[in-house]
Amino acid sequence: MRRTVSPISLILLGLGTFLLVLAPLLAWYVTPRAAVNPIDIDDTAVYTGTGRVFDTDRLETVGGQKITVTQRVRGDVADSERGNATVWDVSQTVATGTTQPAPAADPQGALEFTSNRWVFDRRTTKPLHCCGETPTHQGDAYIKFPFDVRKHSYQWWDDSLGKTVTLHYAGTKKVQGHTGYRFTGTVAPAKIGTRLVPGTLVGKPAVSQVLAEEWYSNHGIELVVDQRTGRVMYAQVGPRRTLRAPGSAKDAVVLLDSRKIAFTTATQKSQVEQAKTESDQLRLVSKTLPIGAAVAGFVLLVVGGILTVRGRRRPEEPDSSTTPQPVLTM
């Protein structure tokens with residue numbers, strides 16, 4: 001009897017080897033290249049809350065005002081494609097009960113309008129300084145956190161402060177049924193600039209115009225972030241802006257003061273839906289496919305090996321060189 005190798009066993013061995021090689025490639029090569037920040041983003045987030053706002057018509061601070069903050073993020077594809085940077089243009093408007101909520105890209109009718117450009121690494125989300133960035137951002141996070149968020153503190157860029165704020169990990173929290181990592185922090189009163197105002201506003205009636213100091217603080221910042229993607233699913237802030245007379249240690253005028261301005265329900269749902277979609281895609285590439293490929297590859301190798309060892313047995317053909325020849329006799 002002799003042993004031959006079945007073509008099926010060779011196919012199984014080859015396919016099993018391919019899958020075992022594919023599994024680590026998916027986990028260690030494909031996944032890091034799939035976890036990149038988008039360059040063609042066009043996203044709008046809306047915050048609402050109530051608080052005190054300075055009424056320019058009445059020249060006094062009015063309480064119980066509805067506050068609407070609209071933030072729009074648009075990617076600059078052309079600038080992003082020049083290198084490894086992600087370039088996002090971020091515009092924000094603040095409207096109150098006395099003004100009509102304006103689109104984030106349109107300052108008309110808004111109480112306040114700001115616009116800046118955020119440039120960061122596509123994979124690490126670390127700040128990069130190019131492509132007309134303004135202002136110069138620092139820290140670990142701003143509109144979003146890095147991929148694969150950890151349970152430690154992050155340096156979050158506060159646009160109003162013009163500096164980073166330390167946000168501490170504070171456990172987990174569900175947003176619209178989806179669990180994320182919660183980060184919290186506060187901002188102590190800090191001078192952020194000056195503003196020319198009538199002297200009477202800051203207790204200087206003898207002076208017609210005063211270069212008053214503008215101060216900013218934040219009662220509390222709370223962000224809930226999807227762990228895998230770093231997408232912010234819930235955001236809540238408590239901004240306070242005031243004016244002080246030059247050199248004074250006391251607030252003279254409250255421009256804006258709210259304990260809570262947070263994502264609307266619609267914004268939460270939109271952010272959670274996008275976080276789930278992006279997270280599922282990354283999980284598929286980083287875990288589901290590599291594990292499936294490794295298991296399937298191992299099974300195919302075992303089956304192919306068994307078939308190879310067993311082989312297919314057939315009777316050996318007689319060797320004509322050794323077969324006795326008949327002897328003719330007379």
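In which strand does Asp 158 lie? In this predicted model, Asp 158 belongs to strand E6, which covers residues 154–158.

The surroundings of Asp 158 can be described through its charge and its contacts. Asp 158 is buried but takes part in no salt bridge. The nearest side chain of opposite charge is that of Arg 241, at 7.1 Å. A salt bridge requires a side-chain nitrogen of Lys or Arg within 4 Å of a carboxyl oxygen of Asp or Glu, so the 7.1 Å to Arg 241 does not qualify. Asp 158 does have a polar partner: its side chain makes a polar contact with the side chain of Tyr 216, at 2.7 Å. Tyr 216 also appears among the residues in contact with Asp 158 once neighbours within four places in sequence are set aside. The others in that set are Lys 163, Val 165, Val 187 and Ile 221.

Strand E12 is another element to follow. E12 spans residues 253–263 and is mostly covered, with nine of its 11 residues buried. Strand E2 (residues 42–55) runs antiparallel to E12 and is joined to it by six bridges; in one of the pairings, Tyr 47 has Phe 263 of E12 as its bridge partner. Strand E11 (residues 239–244) is also antiparallel to E12, with four bridges, and here Arg 240 stands opposite Asp 257. Strand E10 (residues 232–237) is joined to E12 by two bridges, again in an antiparallel arrangement, with Gln 236 opposite Ala 262.

Cysteines come last. A search of the whole structure finds zero disulfides. Cys 130 is partly exposed, at a relative accessible area of 30%, and Cys 131 is partly exposed at 28%.

Methods
Residues are numbered from 1 along each chain as its sequence is written. This is a predicted model: local features need pLDDT of at least 70, side-chain atom pairs count only at pLDDT 80 or more; totals for chains, interfaces and linings use all residues. Side-chain values use heavy atoms; hydrogens and water are left out. Buried means under 20% relative accessible area, exposed over 50%, partly exposed in between (1.4 Å probe, protein chains only). Lys and Arg count as positive and Asp and Glu as negative; His and the chain ends are not counted. A polar contact is a pair of N or O atoms within 3.5 Å; within protein, one must be able to donate a hydrogen and the other to accept it, and residues adjacent in sequence count only if both atoms are side-chain atoms. Contact means heavy atoms within 4.5 Å. A disulfide is a pair of cysteine sulfur atoms within 2.5 Å. Two strands pair if DSSP finds at least two bridges between them.
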